Amino acid sequence: MEAKGWGRGDFPRTLLAWYRSNARDLPWRRPDTSPWEILISEVMLQQTPVNRVLPVYLAWIDRWPTPARLAASPAAEALRAWGRLGYPRRALRLHQAARVIQQRFGGRVPDDVAELRTLPGVGAYTAAAVAAFAYGKRVVVLDTNIRRVVTRLTGTASPSPHPTAADYATVDDLLPSDGRRAARVSLALMELGALICTSSSPRCADCPLRSACRWGGTPTRPRRRPAYRGSDRHARGVILGKLRDAEGIVPYRDLVAAWPDPVQLARAADSLIADGLISRSGGGYRLGPASDVRQISGPAGPLAGPRQPGRRSASAPRGR
DNA sequence: AATTCGTGGGA
DNA sequence: TTCCCAAGAAT
């Protein structure tokens with residue numbers, strides 16, 4: 001569907017003019033940003049505000065300027081550098097992605113959406129974003145911002161919580177034929193969604209597209225999420241914080257001191273182990289998956305159990 | 001297809 | 001204080 005009152009070329013021109021003078025100056029938008037840096041920024045920005053990503057991103061690309069460099073580091077280091085960005089499995093997957101890029105793609109971030117999609121932690125949005133923003137490919141980039149802006153603009157709001165085929169078609173119709181220009185339109189739509197056409201209390205008076213917008217101004221009510229405080233999720237966060245702030249092994253008693261319910265604590269720790277975010281080590285816990293130890297200790301380790309002193313902490317929970 | 005997965009700033 | 005929410009992905 002065409003937005004009302006626009007010729008086909010008018011929409012990109014108006015939007016890009018707005019973007020040129022209103023876009024934030026973000027490091028991953030500099031013209032010399034590498035595909036690897038683009039990938040890092042996109043993963044970090046998943047469900048995470050720009051302002052929180054900025055310092056972590058800068059430190060990350062300084063430390064690991066190539067996939068090879070990250071692939072050569074233990075996963076625990078990636079988790080530690082991730083800091084408090086949230087959703088730490090993203091750090092783990094980005095680390096895994098670096099190893100896949102190194103081993104299967106010769107150290108180069110793929111430019112093909114299907115290949116990008118095979119990387120851990122890279123879904124439909126991130127694959128499209130890297131293909132478009134790093135390589136200038138004409139692909140539909142569909143994140144929550146673009147979906148919100150376009151459905152409001154064209155009056156085609158769909159009730160589905162996930163992007164539909166119709167959503168893709170609607171955006172595809174709005175993108176110019178040139179790949180690099182289309183990518184810039186996608187960036188501009190995202191920026192418009194982030195700065196003007198926000199989820200709640202949008203600043204319609206400042207919108208460059210207001211004369212063509214079909215939106216009636218009816219916000220959608222999201223379902224409320226379960227309480228965080230006191231949840232297993234909260235316990236996981238506390239455990240991870242403790243292990244992140246410690247260099248090595250954290251005794252179990254230190255975790256008990258940080259969380260009142262030992263049953264819940266054990267459950268949370270088990271789930272973190274299952275996710276590869278932490279592992280049992282030397283009678284306590286440490287950041288990172290068990291595979292980190294094999295890497296650090298060298299390939300000599302037999303399949304038989306942990307190579308640690310027989311002394312086992314009495315306070316450590318036994319496998320259940 | 002519906003759930004689960006952090007975190008902290010601002011309304 | 002409570003609640004919302006910020007460039008999704010995996011299962």
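1. DNA strand B has 16 residues around it in this predicted model. Nearest to the strand come Arg-52, Arg-84, Arg-89, Arg-233 and Arg-236. By class, the surface near strand B holds eight charged, four polar and four nonpolar residues.

2. Helix H12, residues 232–245, gives the largest share of that surface, with four residues. Arg-233 makes a contact to a base: an N or O atom in the side chain of Arg-233 is 3.2 Å from a base nitrogen of DNA strand B.

3. Two further contacts go to the backbone of DNA strand B. Arg-89 places a polar side-chain atom 2.8 Å from a sugar or linking oxygen. Tyr-228 has a polar side-chain atom 3.3 Å from a phosphate oxygen. Of the strand B atoms within 4 Å of the protein, 55% belong to sugar or phosphate, and the rest to bases.

4. DNA strand C is surrounded by 24 residues. The closest are Leu-45, Gly-121, Thr-126, Asn-145 and Arg-225. Sugar and phosphate make up 62% of the strand C atoms that come within 4 Å of the protein.

5. Both phosphate and base are contacted on DNA strand C. The side chain of Thr-126 has an N or O atom 2.7 Å from a phosphate oxygen. At Ala-124, a backbone N or O atom lies 3.5 Å from a phosphate oxygen. The side chain of Trp-28 brings an N or O atom to 2.8 Å from a base nitrogen.

6. Helix H8 (124–133) and helix H9 (144–154) are the elements that give two or more residues to the surface near strand C. H8 gives the most, three residues. By class, the strand C surface divides into nine nonpolar, eight polar and seven charged residues.

Note on methods
Residues numbered from 1 in each chain as written. Chains lettered and ligands numbered in written order. Predicted model: local features only at pLDDT ≥ 70, side-chain atom pairs only at ≥ 80, totals over all residues. Heavy atoms only, no water. Near = heavy atom within 4 Å. Polar contact = N/O pair within 3.5 Å; in protein donor to acceptor, adjacent residues only side chain to side chain. Nonpolar A, V, L, I, M, F, W, Y, C, P; charged D, E, K, R; others polar.
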